[in-house]
Structure formats: structure tokens, C-alpha cells
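Trainee: I should like to understand the terms used for a protein model. May I ask about them in turn?

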Amino acid sequence: MLTYFDLVRRKRLAMLDFLIAASREGLMTDLDVREEVDVFMFGGHDTTAMGLCFIFALLAEHKDIQVFIVKCESPFLSQKIN
């Protein structure tokens with residue numbers, strides 16, 4: 001089994017791999033691991049949600065930008081939105 005310090009030397013491992021290894025080595029409790037995962041999961045979600053709210057609020061205030069965006073091609077639909 002790899003230790004926490006073996007994992008630190010390797011590259012491109014997921015955050016969860018480090019947390020589990022630290023837990024196995026006794027450096028973190030299961031509760032500590034759960035709290036860290038919650039911070040990353042919900043912190044990222046909250047940041048994305050706030051960014052989208054900010055964009056929509058700005059678009060609501062600037063009708064000219066709304067019209068420009070509607071006239072642009074949509075990379076998601078592969079066609080022009082009318």
C-alpha cells in the first residue's frame with residue numbers, strides 16, 4: 001500500500017487520493033476528509049452559481065449586449081439563434 005508521502009512524490013493524483021492516504025496514515029480523521037470534500041464540492045458549486053447570477057444581472061441591465069448575444073452563433077446548438 002502506498003503511503004501519503006509516496007503519493008506526494010507522484011504526479012497527477014486526485015485530491016481524494018491524497019485525503020484517503022492521509023487518513024490511512026493517521027494524519028486526518030474520516031470527519032476531516034468529509035469536511036475537505038464538502039468544501040471543494042460546495043465551494044465550487046457556490047462560486048459557479050454566483051458567477052452565473054452576476055452575468056445574468058449584468059445582462060438584464062444591458063439590453064444592447066443581450067441583442068448582440070442573441071445574434072451571435074451558438075456553439076452549443078451549432079446554428080444561429082433567431
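Trainee: Why is F56 called exposed?

Mentor: F56 has 54% relative accessibility. Exposed means over 50% relative accessible area, buried means under 20%, and partly exposed lies in between, with a 1.4 Å probe and protein chains only. F56 therefore counts as exposed. The model is a predicted one, in which local features need pLDDT of at least 70 and side-chain atom pairs count only at pLDDT 80 or more, while totals for chains, interfaces and linings use all residues. Residues are numbered from 1 along each chain as its sequence is written, and side-chain values use heavy atoms, with hydrogens and water left out.

Trainee: In which helix is F56 found, and what makes a run of residues a helix?

Mentor: F56 is found in helix α3. Helices (H or I, at least four residues) and strands (E, at least two) are DSSP runs, numbered from the N terminus. The protein has 4 helices and 2 strands, in the order α-α-α-α-β-β from the N terminus on.

Trainee: How far apart are F56 and Q66 in space?

Mentor: Their C-alpha atoms are 9.9 Å apart, and the two residues are 10 residues apart in sequence.

Trainee: Why is L59 called partly exposed?

Mentor: L59, which also lies in helix α3, has a relative accessible area of 22%, so L59 counts as partly exposed.

Trainee: Which residues does L59 touch, not counting those up to four places away in sequence?

Mentor: L59 touches I65, Q66 and I69 on that count; contact means heavy atoms within 4.5 Å. From C-alpha to C-alpha, L59 and I69 are 9.6 Å apart.

Trainee: What makes D30, D32, E35, E36 and D38 a negative surface patch?

Mentor: Asp and Glu count as negative, Lys and Arg as positive, and His and the chain ends are not counted. Patch residues have over 30% relative accessible area and no salt bridge; like charges are joined within 9 Å, nonpolar side chains (Val, Leu, Ile, Met, Phe, Trp, Tyr) within 5 Å. A salt bridge is a side-chain nitrogen of Lys or Arg within 4 Å of a carboxyl oxygen of Asp or Glu. The place of a charge is NZ of Lys, CZ of Arg, CG of Asp or CD of Glu. D38, in helix α3 (residues 30-61), has 40% relative accessibility and therefore counts as partly exposed.

Trainee: Which residues make the nonpolar surface patch?

Mentor: M15, V39 and F40 make this patch of about 280 Å², an area from the Shrake-Rupley method with a 1.4 Å probe. M15 is found in helix α2 (residues 15-24). At 32% relative accessibility, M15 is therefore partly exposed.
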